[in-house]
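Student: I should like to learn how to read the features of this structure. Could we go through them in turn?

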Amino acid sequence: MIKFLAAPLAAFLLVASLSNTAMAAGASEAQIRVIKSILDEHLLDPESMRLSKVKVAEIKENQFIACGLVNAKNRMGGYNGRKPFGVRFIASLEWGTLITIASSDVEKLLLVPICSHHGVGLPKNISGSGL
(Lines give C-alpha, C1' and ligand atoms only; values in the text may rest on other atoms or scores of the structure.)
Protein backbone atom coordinates (compact mmCIF):
# COMPACT_ATOMS: atom_id res chain seq x y z
CA MET A 1 0.00 0.00 0.00
CA ILE A 2 1.27 3.43 -0.81
CA LYS A 3 1.79 5.69 2.16
CA PHE A 4 0.36 9.16 1.96
CA LEU A 5 2.81 11.99 2.57
CA ALA A 6 1.02 15.02 4.00
CA ALA A 7 3.86 17.59 3.71
CA PRO A 8 4.44 17.22 -0.07
CA LEU A 9 0.70 17.31 -0.71
CA ALA A 10 0.29 20.42 1.44
CA ALA A 11 3.12 22.13 -0.47
CA PHE A 12 1.54 21.15 -3.77
CA LEU A 13 -1.86 22.47 -2.67
CA LEU A 14 -0.27 25.82 -1.84
CA VAL A 15 1.43 26.03 -5.24
CA ALA A 16 -1.69 24.76 -7.01
CA SER A 17 -3.83 27.44 -5.44
CA LEU A 18 -1.51 30.12 -6.83
CA SER A 19 -1.33 28.65 -10.34
CA ASN A 20 -3.44 29.55 -13.33
CA THR A 21 -5.76 26.86 -14.65
CA ALA A 22 -5.21 25.74 -18.24
CA MET A 23 -7.35 23.68 -20.58
CA ALA A 24 -7.04 19.93 -20.06
CA ALA A 25 -6.25 17.56 -22.88
CA GLY A 26 -5.40 13.92 -23.40
CA ALA A 27 -1.79 13.00 -22.73
CA SER A 28 0.75 12.79 -25.56
CA GLU A 29 3.03 9.75 -25.90
CA ALA A 30 5.93 11.73 -24.43
CA GLN A 31 3.81 12.79 -21.46
CA ILE A 32 2.63 9.21 -20.90
CA ARG A 33 6.29 8.10 -20.77
CA VAL A 34 7.01 10.67 -18.04
CA ILE A 35 3.84 9.75 -16.13
CA LYS A 36 4.72 6.04 -16.27
CA SER A 37 8.29 6.69 -15.09
CA ILE A 38 6.91 8.58 -12.06
CA LEU A 39 4.37 5.86 -11.23
CA ASP A 40 6.92 3.04 -11.78
CA GLU A 41 8.65 3.81 -8.51
CA HIS A 42 5.41 3.41 -6.53
CA LEU A 43 4.02 0.16 -7.93
CA LEU A 44 4.94 -3.42 -6.98
CA ASP A 45 4.74 -4.58 -10.62
CA PRO A 46 5.29 -1.56 -12.90
CA GLU A 47 5.37 -3.78 -15.99
CA SER A 48 1.67 -4.57 -15.45
CA MET A 49 0.67 -0.88 -15.27
CA ARG A 50 -2.49 0.08 -17.15
CA LEU A 51 -3.41 3.76 -17.40
CA SER A 52 -6.85 5.09 -18.32
CA LYS A 53 -8.76 8.37 -18.40
CA VAL A 54 -5.48 10.35 -18.26
CA LYS A 55 -5.88 14.11 -18.67
CA VAL A 56 -3.07 16.67 -18.66
CA ALA A 57 -3.08 20.43 -18.16
CA GLU A 58 -0.22 22.92 -18.30
CA ILE A 59 -0.17 24.80 -14.98
CA LYS A 60 2.89 26.96 -15.69
CA GLU A 61 5.27 27.20 -18.62
CA ASN A 62 6.45 23.62 -19.28
CA GLN A 63 4.97 22.39 -15.97
CA PHE A 64 2.04 19.99 -16.08
CA ILE A 65 -0.39 18.15 -13.87
CA ALA A 66 -1.87 14.81 -14.92
CA CYS A 67 -4.70 12.93 -13.28
CA GLY A 68 -6.23 9.62 -14.25
CA LEU A 69 -6.61 6.00 -13.22
CA VAL A 70 -3.91 3.38 -12.76
CA ASN A 71 -4.27 -0.36 -12.36
CA ALA A 72 -1.38 -2.73 -11.64
CA LYS A 73 -0.78 -6.20 -10.26
CA ASN A 74 -0.39 -6.80 -6.54
CA ARG A 75 1.80 -9.34 -4.68
CA MET A 76 -0.68 -12.12 -5.44
CA GLY A 77 -0.50 -11.47 -9.18
CA GLY A 78 -4.02 -10.07 -9.48
CA TYR A 79 -4.93 -6.54 -10.48
CA ASN A 80 -5.75 -4.14 -7.63
CA GLY A 81 -8.49 -2.28 -9.49
CA ARG A 82 -8.30 1.20 -10.93
CA LYS A 83 -7.01 3.80 -8.46
CA PRO A 84 -7.07 7.56 -9.05
CA PHE A 85 -3.63 9.13 -9.35
CA GLY A 86 -2.14 12.56 -9.72
CA VAL A 87 1.35 13.57 -10.85
CA ARG A 88 3.06 16.88 -11.47
CA PHE A 89 5.90 17.01 -13.98
CA ILE A 90 8.22 19.10 -16.10
CA ALA A 91 8.04 17.64 -19.59
CA SER A 92 11.33 18.97 -20.96
CA LEU A 93 13.27 17.40 -18.08
CA GLU A 94 11.21 14.20 -18.11
CA TRP A 95 11.02 14.59 -14.34
CA GLY A 96 8.15 14.87 -11.94
CA THR A 97 6.67 13.92 -8.62
CA LEU A 98 3.77 11.79 -7.47
CA ILE A 99 0.97 13.64 -5.74
CA THR A 100 -0.70 10.39 -4.69
CA ILE A 101 -2.24 7.14 -5.82
CA ALA A 102 -5.50 7.27 -3.89
CA SER A 103 -5.67 4.00 -1.99
CA SER A 104 -8.14 5.31 0.57
CA ASP A 105 -11.19 7.53 0.70
CA VAL A 106 -9.16 10.23 2.48
CA GLU A 107 -6.53 10.31 -0.25
CA LYS A 108 -9.25 10.45 -2.90
CA LEU A 109 -10.93 13.36 -1.08
CA LEU A 110 -7.60 15.22 -1.16
CA LEU A 111 -6.79 14.40 -4.79
CA VAL A 112 -10.16 15.17 -6.43
CA PRO A 113 -10.09 18.95 -5.70
CA ILE A 114 -6.49 19.27 -6.94
CA CYS A 115 -7.34 17.60 -10.24
CA SER A 116 -10.61 19.52 -10.61
CA HIS A 117 -8.92 22.85 -9.87
CA HIS A 118 -6.71 22.35 -12.92
CA GLY A 119 -9.45 21.05 -15.19
CA VAL A 120 -8.24 17.45 -15.15
CA GLY A 121 -11.05 16.07 -13.02
CA LEU A 122 -11.30 12.39 -12.26
CA PRO A 123 -14.20 10.25 -13.53
CA LYS A 124 -17.28 10.23 -11.29
CA ASN A 125 -17.63 6.44 -11.26
CA ILE A 126 -14.41 4.57 -10.69
CA SER A 127 -15.28 0.89 -10.91
CA GLY A 128 -13.00 -1.60 -9.26
CA SER A 129 -11.27 0.99 -7.10
CA GLY A 130 -13.00 0.21 -3.84
CA LEU A 131 -13.66 3.95 -3.42
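Tutor: Let us begin with one bridge: Phe64 has Phe89, in E4, as its bridge partner. Please note that this is a predicted model, in which local features need pLDDT of at least 70 and side-chain atom pairs count only at pLDDT 80 or more, while totals for chains, interfaces and linings use all residues. Residues are numbered from 1 along each chain as its sequence is written, and side-chain values use heavy atoms, with hydrogens and water left out.

Student: In which sense do E3 and E4 pair, and over how many bridges?

Tutor: Helices (H or I, at least four residues) and strands (E, at least two) are DSSP runs, numbered from the N terminus. Two strands pair if DSSP finds at least two bridges between them. Here E3 and E4 are antiparallel, with eight bridges. Strand E4 (residues 83–90) also runs antiparallel to strand E5 (residues 95–101), to which six bridges join it. One of the partners across E4 and E5 is the pair Arg88 and Thr97. Four residues separate E4 from E5 in a hairpin, and Glu94 in the turn has a positive phi of about 50°.

Student: How many residues of E4 are buried?

Tutor: Buried means under 20% relative accessible area, exposed over 50%, and partly exposed in between (1.4 Å probe, protein chains only). In E4, seven of the eight residues are buried.

Student: Which residues have the most contacts inside the largest nonpolar core?

Tutor: A nonpolar core is a set of buried Ala, Val, Leu, Ile, Met, Phe, Trp, Tyr and Cys residues joined through side-chain atoms within 4.5 Å. The largest one has 17 residues, and Ile35, Leu39, Phe85, Val87 and Phe89 have the most contacts inside it. At least two of its residues come from each of helix H2 (29–40), strand E2 (45–60), E3, E4 and E5. Another core, of 11 residues, lies apart from it and includes Ala57, Ile65, Cys67 and Leu122.

Student: Where does the disulfide lie, and which parts does it tie together?

Tutor: A disulfide is a pair of cysteine sulfur atoms within 2.5 Å. A search of the whole structure finds one, between Cys67 and Cys115, with an S to S distance of 2.0 Å. Because Cys67 lies in strand E3 (residues 63–73) and Cys115 in helix H3 (residues 105–117), the pair ties together parts that are 48 residues apart in sequence. The link of Cys67 and Cys115 is left-handed, with -85° about the S-S bond. Cys67 is buried, at a relative accessible area of 0%, and Cys115 is buried, at 0%.
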